Amino acid sequence: MMKRLSREPLVHFLILGALLLFASNFVNKRTSGDTTKIVITQGQIEHLEDGFARVHQRPPDPDELKGLMRDYLREEVYYREALALGLDRDDAPIRQRLRQKMEFISEDVAAQAQPTEDQLRSYLAAHPEKFRIDQHFTFKQIYLDPSRRGRHLNADGQQMLAKLNKLGAAADVSTMGDPFLLDGNSDNVSSCDVARDFGEKFAAALAALPVGTWRGPIESGLGTHLVYVKARREGRLPKLDEVREPVRREWTNDFRLEANEKFYEGLLKRYSVSIELPPPVAEVKPANLESRP
């Protein structure tokens, strides 16, 4: 029962609410309590010892521990006096660091959230564009360079197309056409990759071509092509088992952003906000240069 509850996002938002109350009480204590009393607790001493051990691979000896506590005491005194003088208020790096620490409070809680199967399925259904499997093509192409062939481009293409249709899939594209940077054979390439290499117009044309025959000329961002589509696999929305980890990763990220926003909104409710805008600039009318007194 407890394990199931620990996976519910509502429980995590309730925990965020408790942390919000804790943060509020903590601030009130720091601002209204006895700021002249400093207590170095056993927990703080253990923290100092652990920090020393991580660096030096051994616990501190008694003199080293006394030095650590002296440094901690000095830091605490300076920290409190700096707050009393308001030195933190107009220091951008300090303000940014304090903001980050407050955000870490909510992020630590959000990181513990684990989505249920129903939540993952719902997320996949609500965001199909993030996980859709693209259309894939296996095709051959022969490049015809417009700058080289000039006004003979279309005639050359039709003549070559007639020859290619006799050869079909057996045509050796490496011996035909003009020099081209890309390979003439493409195997199981996604529509996204086709668009990246040849342009959106070429990818759209490739999706409409019949399978098993040479067609052209097909324009790309690089020139003109004769194309043979050997196979085409249609795009589809995958099942959850196929993309479980990407869906979980995206769900977790969205949940973290939502938790941070709710945490901030809860803090914001404690304040009354007003914005003092500068007065509008008076419009200066241009002088009438043609008028004379």
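**Exercise 1. Find what covers the buried residues of H11, and which face they line.**

Solution.
- Start with the cover. Among the elements over the buried residues of H11 are strands E1, E3 and E4, along with helix H10 (191–198). The model is predicted.
- Name the buried residues. In H11 they are Phe 202, Ala 203 and Leu 206.
- Apply the cut-off: buried means under 20% relative accessible area.
- Look down the axis of H11. The buried residues fall within an arc of 100 degrees, so they line one face of the helix.
- Recall the helix geometry. With 3.6 residues a turn, residues three or four places apart in an α-helix point the same way.
- Turn to the other side of H11. Glu 200, Lys 201, Ala 204 and Ala 208 are exposed there.

**Exercise 2. Work out the strand order of the open sheet and explain which strands stand at its edges.**

Solution.
- Write the order. The four strands run E2-E1-E4-E3, and the pairing is antiparallel.
- Read off the ends. E2 (185–190) and E3 (214–219) each have a single partner strand, so one side of each lacks a neighbour in the sheet.
- Add the twist. From one strand to the next, it averages 40 degrees.
- Check one pairing. E1 (residues 136–144) and E2 run antiparallel and are joined by four bridges.
- Locate one bridge. Phe 137 is partnered by Val 189 in E2.

**Exercise 3. Place helices H9 and H11 on the sheet strands.**

Solution.
- Take H9 (residues 153–167). Helix H9 lies across E1, E3 and E4 (224–233).
- Give its direction. H9 runs at about 155 degrees to E3.
- Take H11 (residues 200–208). Helix H11 lies across E1, E3 and E4.
- Give its direction too. H11 runs at about 55 degrees to E4.

**Exercise 4. Describe how H6 and H12 pack, and list the residues that meet.**

Solution.
- Set the geometry. H6 (residues 117–126) packs on H12 (residues 244–268) at about 90 degrees, with the axes 10 Å apart.
- Classify the angle. Angles of 65 to 115 degrees count as roughly perpendicular. H6 and H12 are therefore roughly perpendicular to each other.
- List the H6 side: Glu 117, Gln 119, Leu 120, Tyr 123 and Leu 124.
- List the H12 side: Arg 244, Val 247, Arg 248, Glu 250, Trp 251 and Asp 254.
- Sort by class. The contact of H6 with H12 has five nonpolar, one polar and five charged residues.

**Exercise 5. Sum up the whole chain: how many helices and strands, and what share is buried?**

Solution.
- Count the elements. The chain has 12 helices and four strands.
- Give the share. Of its 293 residues, 27% count as buried.
- Look at contacts between residues at least 6 apart in sequence. Of these, 72% join residues at least 24 apart.

Notes:
Residues are numbered from 1 along each chain as its sequence is written. This is a predicted model: local features need pLDDT of at least 70, side-chain atom pairs count only at pLDDT 80 or more; totals for chains, interfaces and linings use all residues. Side-chain values use heavy atoms; hydrogens and water are left out. Two strands pair if DSSP finds at least two bridges between them. Helices (H or I, at least four residues) and strands (E, at least two) are DSSP runs, numbered from the N terminus. Axes are lines fitted to C-alpha atoms, for helices over the stretch in contact, and angles run from 0 to 180 degrees between N-to-C directions. Contact means heavy atoms within 4.5 Å. Angles under 35 degrees count as roughly parallel, over 145 as roughly antiparallel, 65 to 115 as roughly perpendicular and the rest as oblique. Ala, Val, Leu, Ile, Met, Phe, Trp, Tyr, Cys and Pro count as nonpolar, Asp, Glu, Lys and Arg as charged, and the others, Gly among them, as polar. Buried means under 20% relative accessible area, exposed over 50%, partly exposed in between (1.4 Å probe, protein chains only). The arc is that of the directions from the helix axis to the C-beta atoms.
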